[in-house]
Amino acid sequence: MRRGTFRDDTVDYAAVGATHAPDLMQYPPERSVPAEDSWRIGSGEERFRTAGDALLSWTAQRAAGLSIEDVRPAAGPAYSGVSFDAEGNPIAPSSREVEQRFDAEGVPFVGPGMTLRLHGRVAGMRADAELRVISVTEESRRIGFVLGTVGGSVVSGEELFEIEWREDNDEVWFTVRAFDAPNALAYRMVRGLVKRRRKELFARYLRAISPLYATPL
């Protein structure tokens, strides 16, 4: 089931939802730097469920050294979205209400339309930003969400986080797909800094989600 998709004009970039496109690396939004990587993090349903819960409770961000503050639910009802079967046929969204879950600290799990603030440093520069949850996916073999920048960040764009339990070989994979357009002067002048920042973020996310990855920071 695809639980929710949110569209709003408060994000600070135009290509909302572009990280869902499998050809993002070939056709990124104008002036942005795309990035994508996938890692096998285990196998089986238990691993999939555990990783999915970790992902939806902000583990990737927190364990990456970023603090989460001021988490707010969507101001109004979010569009429930439409998912597709293996043949590309649309599936009507479920009308069942999904009960809001909370972590041990009382922070709500990821939900469509939420806004939040992140604080921290990446690649020697601040990583403060206000973000919005663009979409959330909870399906039988796929769990994930998309974050988009609202403002206050050194870059603007999106990040997609996804856990997939593959039916053909029982493997569980963690994928991050993103595009970043530089805002800060240093990033605009030296484009390589955008890639450096993204590479460090990817490594941090993998450490957070994968028990197989033990390389020290």
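For sorting a cavity lining by class, Ala, Val, Leu, Ile, Met, Phe, Trp, Tyr, Cys and Pro count as nonpolar, Asp, Glu, Lys and Arg as charged, and the others, Gly among them, as polar. Keep in mind that this is a predicted model.

**Exercise 1. The largest cavity**

Work out which elements and which classes of residue line the largest cavity.

Solution. Start with the search of the whole structure, which turns up two cavities of 30 Å³ or more. The largest cavity holds about 170 Å³ of space. Next, look at its walls: 18 residues line it, and Leu 131, Thr 149, Glu 159, Arg 197 and Arg 198 are the closest to its centre. Now place the lining on the fold. Strands S9 (129-138), S10 (142-151) and S11 (155-165) and helix H4 (192-209) each give two or more residues. Finally, sort by class, and you get nine nonpolar, four polar and five charged residues.

**Exercise 2. The second largest cavity**

Find which residues line the second largest cavity, then sort them by class.

Solution. This cavity has about 50 Å³ of space. Going along the chain, its lining is His 20, Ser 135, Thr 137, Gly 144, Phe 145, Val 146, Leu 160, Phe 161 and Glu 162. S9, S10 and S11 are the elements that supply two or more of these residues. By class, that makes four nonpolar, four polar and one charged.

**Exercise 3. Rings and a charge**

Describe how Tyr 13 and Phe 179 pair, and say where each one sits in the chain.

Solution. First check the distance: ring centres have to lie within 6.5 Å to pair, and these two are 5.8 Å apart, centre to centre. Then check the angle. Planes over 60 degrees apart count as edge-to-face, so the 80° between Tyr 13 and Phe 179 puts them in that group. Tyr 13 is in the loop between strands S1 (4-5) and S2 (33-43), while Phe 179 is in strand S12 (residues 171-182), so the pair links parts of the chain 166 residues apart. Both residues are buried.

For the wider picture, the count of aromatic pairs comes to seven. Trp 58, Phe 145, Phe 161 and Tyr 205 form one aromatic cluster. Elsewhere, Arg 141 has its charged end over the ring of Trp 165, 3.8 Å from the ring's centre.

**Exercise 4. Ser 210**

Decide whether Ser 210 is buried or exposed.

Solution. Ser 210 lies in the segment after H4. Its relative accessibility is 6%, and buried means under 20%, so Ser 210 counts as buried. Leaving out residues up to four places away in sequence, Ser 210 touches Ile 41 and Arg 47.

Notes. Residues are numbered from 1 along each chain as its sequence is written. This is a predicted model: local features need pLDDT of at least 70, side-chain atom pairs count only at pLDDT 80 or more; totals for chains, interfaces and linings use all residues. Side-chain values use heavy atoms; hydrogens and water are left out. Rings of Phe, Tyr and Trp (its six-membered ring) pair if their centres lie within 6.5 Å; planes under 30 degrees apart count as stacked, over 60 as edge-to-face and the rest as tilted. Helices (H or I, at least four residues) and strands (E, at least two) are DSSP runs, numbered from the N terminus. Buried means under 20% relative accessible area, exposed over 50%, partly exposed in between (1.4 Å probe, protein chains only). A charge sits over a ring if NZ of Lys or CZ of Arg is within 6 Å of the ring centre and within 35 degrees of the ring normal. On a 1 Å grid over the protein atoms alone, a cavity is a set of points where a 1.4 Å probe fits but cannot get out, and a pocket is an open set with protein on both sides within 12 Å along at least five of seven lines; lining residues have an atom within 4 Å of a point. Grid points are joined across faces, edges and corners, and a volume is the space filled by probe spheres set on the points. Contact means heavy atoms within 4.5 Å.
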